[in-house]
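Q: Could you take a close look at the aromatic contacts in this model, and then at the charged pairs and the nonpolar surface? I would like one connected account.

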Amino acid sequence: MSSYAVRRRPDSPPRTLGTLNIVFGIIALCWGLCNDTMLMALPTLMQLAGESTTTTQRMLDEKQRRTLESLKEEEAAAKTQAEKDRLRKAQASLRASKVVVTSTAQTEMLSKFQIHDRRFFVHYATALVTGLILNTAMIVAGVGLLRLRPWGRTLSLWVAGLHIVRLVAMTASMVVIVGPIWTAMSASMTAATATAGMDPEAIRSTRELNRAIDIALQAGMFVLGLIYPIVTLWLLNTRSSLAALGLAKSPEPLPFDDWPASAPAPSRGPAADVGPSKLAGVLPDARGPRRIGILGIIIALALLMTCNLPSMIFTAFLPAYVPMMRAMEKTQAKQFADERLRGIEEARAKEAAARTEAEWAEAHAEVQAREATPPQPPQPQAMFFEAMDDRRVKPYLWLDAATGIALNVAMFVGAIGLIQLREWGRKTSNWVAAIKVLRIAAALALGVGVVAPAIGLAMGDSLGKFLAQMPTVPRRGTSPAELKKFMTIGWTAGLIVFELLALVWPVIVLWVLSRPGARAACQRPGRGGRDLS
């Protein structure tokens, strides 16, 4: 009796590896170009950021100076004493309400982001160049494996071995050379922030946490980086791969044309899970599963690297960031209070040194304006981190990151099975997609009902209080109640849009992999399905 069968694919292992070589090579190539180039340019970018804030402050000061000159001209041209007094008070109020865009601590912190050790740049330049060469070679080797060329195997083996050597060398360089450079620069920046609000124990615990996370990240990247080269070295030396490339005799030397493209289902047999009538005479179509497999690998890696792992790292860093940002706010508050007192003392000195009635009146008005104007409030730098560290939000972040990592790793594994047209790959991908749909529904319920309101209320309250104290900000639309409402609506809308977009992929997977042709392509002998012969 006939069975569900399509042409056998003894060439599946090397071609699957060829596809993965191309996918991983392109991803690693783009990552290396962006990451290593950015790290080499980071000191310069931070310097430019510091210069940009200085330039912005200079522009604001120049604008204030021009406004003061204009008011002075109006005062000189005024015909009544009342008009002169009004313009004089306007000038004093303008001087007292000077806006500072950044604190001295922040400016100093940016200025301390300097790296003069050439070994730092040599490390990342070496990583960039070797990565470009090896990842380009990996893509070329993948093309060779897809075409079943022996040179593709040879090149893949060389690339895998050199990747391991490069990983060991770069990790050792990171630990011995680059790591201490980052640590020294971080210590210099911490000292420059004048963290008056942080006690020594808090500073010490923050540094220890950062060091522990750095070690965990380096260890994790080292282990993950070893997996694929080792799999490549193993898979390309199996008998089936050697046979597919013509380098060894196949254990089952059956010609492809011995197998029909499709076959009717048997009248009876153990086919309860698929139903004989549903796949009777169905032409197996491998395009859907394989395309879903390739895209699944790319999407799983992209989500792991850009969403799940950064989210987990961010959540782990929250206990360190909150006191650091609070310390920055306290430093800013002290600086702005000191600047206010210094301005009052300067105005009183002008008042005492005045020689004419006009000079005394101008200085006296400035003293009154400065005394009546509270110091500029510190920028609410901790509000975002405090909102995320809320007891209603933080468990959600941990759960979201943990389930995301688990599901995307499972999606990656299932995608590899789909590329090989394995039934277990199809089932795994279907289960992952179904669980993702349930996870998105749960995330929407928790996010809209608990998380978004908590974040919106916390950030709206902090931002509203900050803007209410700023003398140059219009009062309309900036009350804490209005900002809470606006922030809550914004976070809720953003969460809904994000989750609805995340729903697209699992729905596509469930639809494509449920097609009869896709099921028939995966449910055949030697592919993890049932043998119905």
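A: Happy to help; here is a walk from the aromatic rings to the surface and then to the charged pairs.

A word on the ground rules: this is a predicted model, in which local features need pLDDT of at least 70 and side-chain atom pairs count only at pLDDT 80 or more, while totals for chains, interfaces and linings use all residues. Residues are numbered from 1 along each chain as its sequence is written, and side-chain values use heavy atoms, with hydrogens and water left out.

Let us start with the rings. The structure holds 4 aromatic pairs (rings of Phe, Tyr and Trp, the last by its six-membered ring, pair if their centres lie within 6.5 Å; planes under 30 degrees apart count as stacked, over 60 as edge-to-face and the rest as tilted). One of these is the edge-to-face pair of Phe-24 and Tyr-228, with 4.6 Å centre to centre and 90 degrees between the planes. This pair links distant parts of the chain, since Phe-24 sits in helix α1 (residues 12-77) and Tyr-228 in helix α6 (residues 200-235), 204 residues apart. Helices here are DSSP runs (H or I, at least four residues), numbered from the N terminus.

Both Phe-24 and Tyr-228 are buried (buried means under 20% relative accessible area, exposed over 50%, and partly exposed in between, with a 1.4 Å probe and protein chains only). Phe-24 also pairs with Phe-412, this time stacked, at 6.0 Å centre to centre and 10 degrees between the planes. Again distant parts of the chain are linked: Phe-24 in helix α1 and Phe-412 in helix α11 (residues 394-419) are 388 residues apart. Phe-24 has a relative accessible area of 15%, so this residue is buried; Phe-412 counts as buried because its relative accessibility is 18%. Together, Phe-24, Tyr-228 and Phe-412 form one aromatic cluster.

Now to the surface. Val-223, Leu-224, Ile-227, Val-231 and Trp-234 form a nonpolar patch there, with about 510 Å² of accessible area together. Such a patch is made of residues with over 30% relative accessible area and no salt bridge, nonpolar side chains (Val, Leu, Ile, Met, Phe, Trp, Tyr) being joined within 5 Å; the areas come from the Shrake-Rupley method with a 1.4 Å probe. Val-231 lies in helix α6, and its relative accessible area of 34% is why Val-231 is partly exposed.

Finally, the charges. Side chains of opposite charge can pair when their charged atoms come close. A search of the whole structure finds 9 salt bridges (a side-chain nitrogen of Lys or Arg within 4 Å of a carboxyl oxygen of Asp or Glu). Among them is Glu-83 with Arg-86, whose closest N and O atoms are 2.6 Å apart. Both lie in helix α2 (residues 81-96), 3 residues apart, about one turn of the helix. Glu-83 is partly exposed at 31% relative accessible area, and Arg-86 is partly exposed at 46%.

Arg-287 meets Asp-285 in another salt bridge, with 3.0 Å between the closest N and O atoms. Here Arg-287 is exposed, with a relative accessible area of 53%, whereas Asp-285 counts as partly exposed at 27%. The side chains of Asp-390 and Arg-392 also form a salt bridge, 3.0 Å from N to O. Asp-390 is partly exposed at 22% relative accessibility, as is Arg-392 at 40%. Elsewhere, salt bridges that share partners join Glu-62, Arg-65, Arg-66 and Glu-69 into one network.

Note on methods
Helix = DSSP H or I, 4+ residues; strand = E, 2+ residues; numbered from the N terminus. Patch = residues over 30% accessible without salt bridge, like charges linked within 9 Å, V, L, I, M, F, W, Y side chains within 5 Å.
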